Amino acid sequence: MPPLLHPALLLLLGATLTFRALRRALCRLPLPAHVRADPLRTWRWHNLLVSFAHSIVSGIWALLCVWQTPEMLVEIETAWSLSGYLLVCFSAGYFIHDTVDIVVSRQARASWEYLVHHVMAMGAFFSGIFWSSFVGGGVLTLLVEVSNIFLTIRMMMKINNAQDLLLYRINKYVNLVMYFLFRLAPQAYLTHFFMQYAYQRTLGTFLLGILLMLDIMILIYFSRLLRSDFCPEREPSPRQKDKFLTE
């Protein structure tokens, strides 16, 4: 069925509006004093709250999908489940919402890396949503959201200048372990699987290209993480402090 007539459009719209409504609700929560004093930090805080909620729901949901349909670990192209399909639609809705939020809030220049990531993620997810292929692959990529739970906690604590707390020091080690288990390992596994499409002209080849670009981004983020949390000698420049993707 052509995408313009596809019933999944209603699912995408519903998911996008759900995250929009969630953001409006979260904006009513009290802010830490250090965050409240800076409009940019306030926007970052609200944006990360929505990201945190998405990570919790999607991360647990992805684990349940793999547990319920373990063939997704092997039959990445053909494995399908209703729960996995709805998860991919749900997360695509989040990426649509977050892209719009970044652009409307005039944070596109500071957050261009996120925009590139979101465009690539949506391109990959749409293959599962509109053509019902690689839904298993979409679910496996969303295992990264388990890692994002701890990564988002880290970012929110940095925005609130809470790096000296014991919780931050504990979280940075937990975050490192989760980064390996749920970001680097699944990404390496998926890249290895999709290499079989390297010399073809198929949807798998398109997804391989996206994966390789994401591989580069993930390694860059990992180097930033290590440099910031474990080799923090260098002071960030004012320009880096204004970036949404804080190191």
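## Annotated membrane spans

Let's start with residues 48-67: this span is 100% helix and 0% strand, and its end C-alpha atoms lie 28 Å apart. Bear in mind while reading that this is a predicted model. Residues 202-222 can be described in a similar way, with 95% helix, 0% strand and end C-alpha atoms 30 Å apart.

Both spans come from the UniProt record, an unreviewed entry, where the annotation "transmembrane region" covers residues 48-67, 79-96, 116-144, 165-182 and 202-222.

## Aromatic pairs

If you enjoy ring geometry, there is plenty to look at here: the structure holds 16 aromatic pairs. One of them joins F134 and F194, whose ring centres are 5.2 Å apart with 35° between the planes, a tilted arrangement. This pair links distant parts of the chain, as its members are 60 residues apart. F134 sits in the loop between α5 (112-131) and α6 (135-141), whereas F194 belongs to helix α8 (residues 166-194). Both residues, F134 and F194, are buried.

F194 also pairs with F193: the planes of these two rings stand at 85° and the centres are 5.3 Å apart, so this pair is edge-to-face. F193 is buried, as is F194.

Elsewhere, ring pairs connect F19, W61, F90, Y94, F95 and F125 into a cluster. W61 falls within the annotated span 48-67, and F90, Y94 and F95 within 79-96.

## A charge over a ring

One more ring deserves a visit, that of F230. K172 lies over its face, at 5.1 Å from the ring centre. K172 is part of helix α8 (residues 166-194), while F230 is in helix α9 (residues 203-230).

## Packing of α7 and α9

Helix α9 also packs with helix α7 (residues 144-159), their axes being 13 Å apart and meeting at an angle of about 50°. Angles from 35 to 65 degrees fall in the oblique class, which makes α7 oblique to α9. As for handedness, the crossing of α7 and α9 is left-handed.

## Positive phi in two loops

Two residues are worth a look in a backbone plot. R106 is not a glycine, yet has a positive phi of about 60°. R106 is found in the loop between α4 (82-104) and α5. With a relative accessibility of 78%, R106 counts as exposed, because the cut-off for that class is over 50%.

N161 is the other one: its phi is near 55°, again a positive value in a residue other than glycine. The loop between α7 and α8 holds N161. At 44% relative accessibility, N161 counts as partly exposed.

Methods:
Residues numbered from 1 in each chain as written. Predicted model: local features only at pLDDT ≥ 70, side-chain atom pairs only at ≥ 80, totals over all residues. Heavy atoms only, no water. UniProt positions renumbered as here; feature names shortened; annotations may be inferred. Helix = DSSP H or I, 4+ residues; strand = E, 2+ residues; numbered from the N terminus. Phe/Tyr/Trp six-rings, centres within 6.5 Å; stacked < 30°, edge-to-face > 60°. Buried < 20%, exposed > 50% of the residue type's maximum accessible area, 1.4 Å probe, protein only. Lys NZ or Arg CZ within 6 Å of the ring centre and 35° of its normal. Axes fitted to C-alpha atoms, helices over the stretch in contact; angles between N-to-C directions. Parallel < 35°, antiparallel > 145°, perpendicular 65-115°, else oblique. Left-handed = near helix turned anticlockwise from the far one by under 90°.
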